[in-house]
Structure formats: C-alpha cells, structure tokens
Amino acid sequence: MISWHSAPEFSYKGYLYKPEVDEDDEGIRKAWHNVVCRTEPNKVVFTTNHTPYKFMTFEEFKGFIDRMERITA
C-alpha cells in the first residue's frame, strides 16, 4: 500500500515530482502524481495519468517530462 511517508520526490529539468496521497472512506490510498516547477513549488504544472496505486519511478518521471516538453514546445 502506498504511504505518505514513502512518497518519493524527484527533480529533472527544473521540474519536481510531488505526489500526494489521498485516502478514501474505505481506507484505500491513491496517489495523485503532481509535477511542479522548481521556481513555483506550490503551483501544479502537470498531473499525470500514471496508475494511482503506485508511485512513479525516476525513469517514468523523466520520460513523462520529456514527452510533455515535446508536446508543449
């Protein structure tokens, strides 16, 4: 089960992976995969559609940022 205490934080190309964990009424925890800009850490730039049942790996995060840079360029 995912936990707030084990949530990773990654940095790549000026972006930070800042997942949040939400627990529903039945005690099931799901992750929101938020990406913020290093210069504005309180403003979510992207939220990924990665599975809510596990955190992204650093390689998955890097791939996501690279894709978003190509799409938004």
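These legends walk through a few close-up views of a predicted model.

**View 1. Four strands make up an open sheet.**
Start with the overall layout: the strands sit in the order 1-2-5-6, and their pairing is antiparallel. Strand 1 (10–12) and strand 6 (40–47) are the edge strands, each with pairing on one side only. Going from one strand to the next, the twist averages 35°. As background, strands of a sheet pair through backbone hydrogen bonds, and they can do so in a parallel or antiparallel way.

**View 2. Strand 1 meets strand 2.**
Zoom in on one end of the strand order. Strand 2 covers residues 15–17, and three bridges hold its antiparallel pairing with strand 1. Which residue of strand 2 is the bridge partner of Tyr12? Look for Tyr15, which takes that place.

**View 3. Strand 5 sits between strand 2 and strand 6 in the order.**
On one side, strand 5 pairs with strand 2 in the antiparallel sense, over three bridges. Here Tyr17 has Val35, in strand 5, as its bridge partner. On the other side, strand 5 pairs with strand 6, again antiparallel, this time over four bridges. Val35 turns up here too, with Phe46 of strand 6 as its bridge partner. How many residues does the hairpin from strand 5 to strand 6 pass through? Just two.

**View 4. Helix 1 lies across the sheet strands.**
Helix 1 takes in residues 58–72 and lies across strand 1, strand 2, strand 5 (34–37) and strand 6. Against strand 1, the helix runs at about 40°.

**View 5. Phe46 shares ring pairs with Tyr15 and Phe64.**
A search of the whole structure turns up seven aromatic pairs. In one of them, the ring centres of Tyr15 and Phe46 are 6.0 Å apart with the planes at 45°, so this pair counts as tilted. Tyr15 belongs to strand 2 and Phe46 to strand 6, so the pair ties together parts that lie 31 residues apart in sequence. Phe46 also pairs with Phe64: the ring centres are 5.8 Å apart and the planes meet at 85°, so that pair is edge-to-face. This second pair links distant parts of the chain as well, with Phe46 in strand 6 and Phe64 in helix 1, 18 residues apart. Are these two Phe residues buried or exposed? Phe46 has a relative accessible area of 16%, so it counts as buried. Phe64 is buried too, with a relative accessible area of 8%.

**View 6. Ring pairs tie five residues into a cluster.**
The members to find are Phe10, Tyr12, Tyr17, Phe58 and Phe61. Tyr12 is already familiar as the bridge partner of Tyr15, and Tyr17 as the bridge partner of Val35.

**View 7. Arg29 and its contacts.**
Arg29 lies in strand 4 (residues 29–32). With a relative accessible area of 22%, Arg29 is partly exposed. What does its side chain reach at 3.3 Å? That is the backbone oxygen of Ile2. The side chains of Arg29 and Glu23 are also joined by a polar contact of 3.3 Å. Leaving out residues up to four places away in sequence, Arg29 touches a longer list, including Met1, Trp4, Val21, Asp22, Pro52 and Tyr53. Ser3 is on that list as well; its C-alpha atom is 7.6 Å from that of Arg29, although the two residues are 26 residues apart along the chain.

Definitions and conventions. Residues numbered from 1 in each chain as written. Predicted model: local features only at pLDDT ≥ 70, side-chain atom pairs only at ≥ 80, totals over all residues. Heavy atoms only, no water. Pairing = 2+ DSSP bridges. Axes fitted to C-alpha atoms, helices over the stretch in contact; angles between N-to-C directions. Contact = heavy atoms within 4.5 Å. Buried < 20%, exposed > 50% of the residue type's maximum accessible area, 1.4 Å probe, protein only. Polar contact = N/O pair within 3.5 Å; in protein donor to acceptor, adjacent residues only side chain to side chain. Phe/Tyr/Trp six-rings, centres within 6.5 Å; stacked < 30°, edge-to-face > 60°.
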